Amino acid sequence: MSDIILKTEGLTKHYGGVHALEGADFEIRKGEHVAIMGDNGAGKSTFVRQITAVEQRTSGKIWFDGRDVDFAGPLEAREAGIETVFQNLALADALNVPDNLFLGREIFKFKLGPFSILDYKAMRDATLASLEKTGVKIPNVNNPISNMSGGQRQCVAIARTATFHSKLTIMDEPTAALGVQETAQVENIIRTLKEAGEPLILISHNMRQVFDLVDRIVVFRRGRIVANLRKEDTSGEDVVAYITGAKTAPEYADFV
Amino acid sequence: MSSSTHGIGGLKYDPKKRERPPELNVFIALVAIVALFEILGRLIIGDSFLFNTKDRVDTLFNEQRLKIIILQVSIIGIIALGVTQVIISGGIDLSSGSIVGGAAMITTAFAQSAMNEYGMENVKPILGAEWLDLPIIVPLAVGLGVGLLAGIVNGLLIAKFKIPPFIVTLGMMLFMRGVATFVTKGRPISFLQEDYTAIGAGMNPVLIFLGLAVVMHFLLKYTRYGKHTYAIGSNEQAARMSGIKVDRLKVLIYSIAGLLSALAAIVMSSKALTGQAGMGLMYELDAIAMAVIGGTSLAGGRGSILGTCLGALIFGVIISGFTFMRLDAFYQEMAKGIIIVAAVILDQWRAQKQAAKA
């Protein structure tokens, strides 16, 4: 139990009459990289939104880092150590790299409510250190990120993880909008996270990427978990069969 | 060296690669407009726009003209400081000019004296004889309170009730203009205390404008308030997901804008020695224009106080330059219109060029 970083039991989310997520039991250990796969609308993003408290769950329990948690909002989840790279990036285009990394948790020279004075140097130094750690190169961190490519922006979003020593990173389709070279760049960063022993939940549609990067694959279908597969014990066709509903793992059969 | 300057995917890292600040373009435009008036002045009317040509005055520049240039834009400039941060946050404020009118009338009603400087008796005080010659702090507090209240109402309606800023501030614009007229049924207010009229005397409006500009520059550039203002204007959803209390921040932004409009009302009425219901009419549009000419993006997220100050100076130079060229006032309005549109076109063109480069 002690090396389980996140565990959910019966996690459920209903939007009115729509059962987007139904009784999800999930766990991830320290240092483990787990992929979540499934068709559009299978409940992957809904699952992530409950863990990160972007939405409030209908029912179910969540343990994070050894304790029962009930985060009031995404900031609380982030402060506890869950860092999320959202599908829509969640970056402010007009701001530069350090501003984006520290958005909502700035370092101050002097605290005075909204008029607290920012410590630009400390934030820039921390940014450069974490970019170095993740191997991200950016023309100039002081330029607004509106001038950066999709890959560079994604790297900025991921570099947040390295900056704040998160206990769990969640990436929601981090390479969906990227080109071949940029995808390789992001995948390399994910490998550095693996080497550093940082746990990761990766949502992806890319079978090659999933088999390249993770230890375990969890398949969602119509709001339920239908398979939990170790990478060595499965194959691409197998996973596709679970995603499309051609197959259901025996331990989950009674749900479907 | 090549291994340390090349990242994954061949992206280069160069700390020396800095962008040209957008304010530089505004400054170049300012210099160009001044130069144009200088050249046209020498060619057409045989006088210098910028330099002193009188033998009996011992200065290099025409200081009188330079003073007037900045004095005539300083009051709208104060409003523009507040409007700038509203636009950066992704909003708009159409009510600033009317808040000037409303705050000017209410403030001057509390700033009346029993007697004017010529010894004439104030026979018909607005609020009654017991409300004359109050301590100076009273009209100031009341005036600032009016601006603050209008700003808070703007902010609450926008943040809590999710009504578009354009509609909310349009409503406030009409409401406050009504308040301005309501106070005296449209009659001007005079017999103002000497303490009060001293506020806007001489070059004080310029000093007040510049002082406030420094404060607002500091707020926007170096505090959490400023950083989050840019953030919500740039990507409100991202700001919310980062844990920024967006609603509370918006109320604060519009409150500060309201306070600045009230300050402009105090300076303006004390300088004019009177409160009038028409004060600040259409100022909201001039203030927005100053911000936009200074590089503030109406889409939100971009702009600066320095840019707005330069935008205000461009305004002042144009008004002064047209007077200097002995051209009618309606040419000024045409020129202002052209410059606003040109500024936005240039800004978009610059942004596109930059996006293509990245």
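Which residues of strand β6 (residues 82–85) of chain A are buried on one side, and which on the other? Keep that in mind while you look around; point 4 has the answer.

1. **What you are looking at.** This is a predicted model, so read it with its confidence scores beside you. It scores ipTM 0.80 and pTM 0.86. For chain B the mean pLDDT is 89, and 93% of the residues reach 70 or more. Go carefully at the start of that chain, though: over residues 1–13 of chain B the pLDDT is below 50, and in the model this stretch has 24 contacts beyond near neighbours in sequence.

2. **Chain A in outline.** Chain A mixes both kinds of element, with eight helices and twelve strands. A compact globule of 256 residues would have a radius of gyration near 18 Å, and chain A, at 19 Å, agrees with that. Its C-alpha atoms fill a box of roughly 60 × 40 × 35 Å along the principal axes. Of its residues, 46% count as buried. If you take the contacts in chain A with a separation of 6 or more, 66% of them are between residues 24 or more positions apart.

3. **An open sheet in chain A.** Try tracing four strands of chain A in the order β2-β1-β4-β5: they form an open sheet with antiparallel pairing. At its edges are β2 (18–29) and β5 (67–68) of chain A, each pairing on one side only. Inside the sheet, β1 (residues 4–15) and β4 (residues 59–64) of chain A are joined by five bridges in the antiparallel sense. One spot to click on is A:K7, whose bridge partner in β4(A) is A:W63.

4. **Back to β6 of chain A.** Here is the answer to the opening question: A:I82 and A:T84 are on one side, A:E83 and A:V85 are on the other, and all of them are buried, so both faces of β6(A) are covered. This strand has a parallel partner, β9 (residues 168–172) of chain A, and the two share four bridges. Within that pairing, A:V85 stands opposite A:M171.

5. **Chain B in outline.** How many helices and strands does chain B have? There are 14 helices and zero strands, so reading along the sequence gives you α-α-α-α-α-α-α-α-α-α-α-α-α-α. For 358 residues a compact globule would have a radius of gyration near 21 Å; the value for chain B is 23 Å, which agrees. Its C-alpha trace spans about 85 × 60 × 35 Å along the principal axes. Some 47% of the residues of chain B count as buried. Among its contacts between residues at least 6 apart in sequence, 75% join residues at least 24 apart.

6. **A helix with a bend.** Helix α3 (residues 63–88) of chain B is worth a slow look, with a bend of about 50 degrees at B:S74. After α3(B) comes B:G90, which has a positive phi, near 95 degrees.

7. **Buried or exposed?** Compare two residues of chain B. B:I76 is in helix α3 of chain B. With 27 other C-beta atoms within 10 Å, where 20 or more are needed, B:I76 is buried. Its contacts, leaving aside neighbours within four places in sequence, are B:Y283, B:D286, B:A287 and B:M290. The C-alpha atom of B:I76 is also 8.2 Å from that of B:E284, although they are 208 residues apart along the chain. B:R56 is in the loop between α2 (22–45) and α3 of chain B. It has 4 C-beta neighbours inside 10 Å, and 12 or fewer means exposed, so B:R56 counts as exposed. The C-alpha atoms of B:R56 and B:Q85 are 45 Å apart, with their positions 29 residues apart in the chain.

8. **The nonpolar core.** The largest nonpolar core has 159 residues; A:V219, B:I78, B:I79, B:V100, B:L260 and B:A264 touch the most other members. Helix α11 (residues 246–272) of chain B gives the most to this core, 16 residues. Take B:L260 as an example: not counting residues up to four places away in sequence, B:L260 touches B:I78, B:I79, B:L81, B:G82 and B:L212.

Notes: Residues numbered from 1 in each chain as written. Chains lettered and ligands numbered in written order. Predicted model: local features only at pLDDT ≥ 70, side-chain atom pairs only at ≥ 80, totals over all residues. Bend = angle between axes of the 7 residues up to and from the residue. Pairing = 2+ DSSP bridges. Contact = placed C-beta atoms within 7 Å. Core = buried A, V, L, I, M, F, W, Y, C linked by C-beta atoms within 7 Å. Rg over C-alpha atoms; globule rule 2.2 N^0.38 Å. pLDDT = per-residue confidence, 0-100.
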